[in-house]
Amino acid sequence: MRSVRGRGDVVLSRRELETPRLRLRPPHAVDADVVHASIRETIGALSRWMSWCHAGYAREDAAGWIDATRAAWDAGDAYEFLVFERSGRHVGAVGLNQFNRENNAANLGYWVRQSCQRQGYAVEAVQRIARFAFEQAKFQRVEIVAGVDNEASRRVAVRAGATFECVARNRLLLHGVPIAAAVHSFAPGDLEGIEADRSTGRTGTVTPPPR
């Protein structure tokens with residue numbers, strides 16, 4: 001049977017996503033203060049792996065990022081979400097970006113504030129937005145690319161159920177320096193088994209990622 005190409009070129013309306021513990025929604029201008037506070041709380045860890053994060057990160061930077069995400073959504077260039085606990089506490093962010101329209105693929109990125117780490121929130125948000133990528137955005141491939149020494153992000157990818165594919169040389173430019181990165185991926189159907197495992201309390205695998 002001839003394969004049918006997905007429709008990753010559709011532009012979706014803004015929407016909220018939910019998980020058992022979390023709400024994911026597109027950023028609004030009023031979120032600048034909470035985003036700034038979460039990033040300042042986590043500045044040490046984030047600045048090591050995120051080129052946009054720096055010691056002087058200010059509220060204006062958060063507001064500018066929000067404006068950019070809203071423009072990118074309207075243009076169909078990215079789908080970015082803020083992540084909140086159901087109580088309303090801000091957890092972090094997760095998004096689809098760097099769309100490859102020719103090959104119908106997208107990059108998946110995420111970060112979690114310091115006080116919300118090691119609670120499984122990143123894994124939960126990654127699985128939910130990956131499902132969104134295939135079911136609503138109609139991509140056929142989603143990549144997670146993390147610096148080879150960024151063990152925390154790589155561990156999230158593995159536990160979320162993404163497949164480790166390779167370590168790619170000079171794959172990322174971090175603070176102007178090319179570094180090797182681990183490439184993980186999701187394809188349609190990968191999450192079906194994960195959804196079944198969730199009912200038993202298991203999530204992905206905890207095998208340490210290769211270096």
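This text walks through the fold of one protein chain, from its overall make-up to its sheet, its helices and its aromatic rings. The model is a predicted one.

Start with the whole chain. It has 211 residues, and 44% of them count as buried. The accessible surface comes to about 10700 Å². Carbon and sulfur atoms hold 50% of that surface. Contacts can also be sorted by distance along the sequence. Among contacts with a separation of 6 or more, 65% join residues 24 or more positions apart.

Next come the building blocks. The chain has six helices and eight strands. Read from the N terminus, their order is β-β-α-α-α-β-β-β-α-β-α-β-β-α. Two strands come at the start, and three helices follow them. The chain ends with a helix.

Now look at the sheet. It is open and has eight strands. Across the sheet, the order is S1-S2-S3-S4-S5-S6-S8-S7. The pairing is mixed. Which strands form the edges? They are S1 and S7, and each pairs on one side only. Strand S7 spans residues 163-174.

Begin at the S1 edge. Strand S1 covers residues 17-18, and strand S2 covers residues 22-25. They pair in the antiparallel sense over two bridges. Three residues lie between them, and the two strands form a hairpin. Here Glu18 stands opposite Arg23 of S2.

Move on to the neighbour of S2. Strand S3 runs over residues 79-85 and pairs with S2 in the antiparallel sense. Four bridges join S2 and S3. In this pairing, Leu22 faces Glu85 of S3.

Now cross to the other edge. Strand S7 pairs with strand S8, residues 177-186. This pairing is antiparallel too, over eight bridges. One facing pair is Leu172 with Ile179 of S8.

Helices pack on this sheet. Helix H1, residues 32-41, touches S3, S4 and strand S5, which spans 105-112. The direction of H1 makes about 95 degrees with that of S4. Helix H4, residues 121-135, also packs on the sheet. Its contacts are with S1, S2, S3, S4, S5, S6 and S8. Strand S6 here is 141-147. The direction of H4 makes about 35 degrees with that of S4.

Finally, turn to the aromatic rings. A ring pair is described by the distance of the centres and the angle of the planes. The count here is seven aromatic pairs. In one of them, the rings of Trp73 and Phe81 have centres 5.4 Å apart. Their planes stand at 70 degrees, so the pair is edge-to-face. Are these two residues buried or exposed? Both Trp73 and Phe81 are buried.

Another pair joins Tyr79 and Phe99. Their ring centres lie 5.5 Å apart and their planes are at 50 degrees, so this pair is tilted. Tyr79 lies in strand S3 and Phe99 in strand S4, residues 90-100. The pair therefore ties together parts that are 20 residues apart in sequence. Tyr79 has 0% relative accessibility and counts as buried. Phe99 is buried as well, because its relative accessible area is 16%, under the cut-off of 20%.

These rings belong to a wider group. Ring pairs link Trp73, Tyr79, Phe81, Phe99, Phe132 and Phe139 into a cluster. Both pairs described above have their rings in this cluster.

Technical notes: Residues numbered from 1 in each chain as written. Predicted model: local features only at pLDDT ≥ 70, side-chain atom pairs only at ≥ 80, totals over all residues. Heavy atoms only, no water. Pairing = 2+ DSSP bridges. Phe/Tyr/Trp six-rings, centres within 6.5 Å; stacked < 30°, edge-to-face > 60°. Buried < 20%, exposed > 50% of the residue type's maximum accessible area, 1.4 Å probe, protein only. Contact = heavy atoms within 4.5 Å. Axes fitted to C-alpha atoms, helices over the stretch in contact; angles between N-to-C directions. Areas by Shrake-Rupley, 256 points an atom, 1.4 Å probe, with all protein chains shown as cover.
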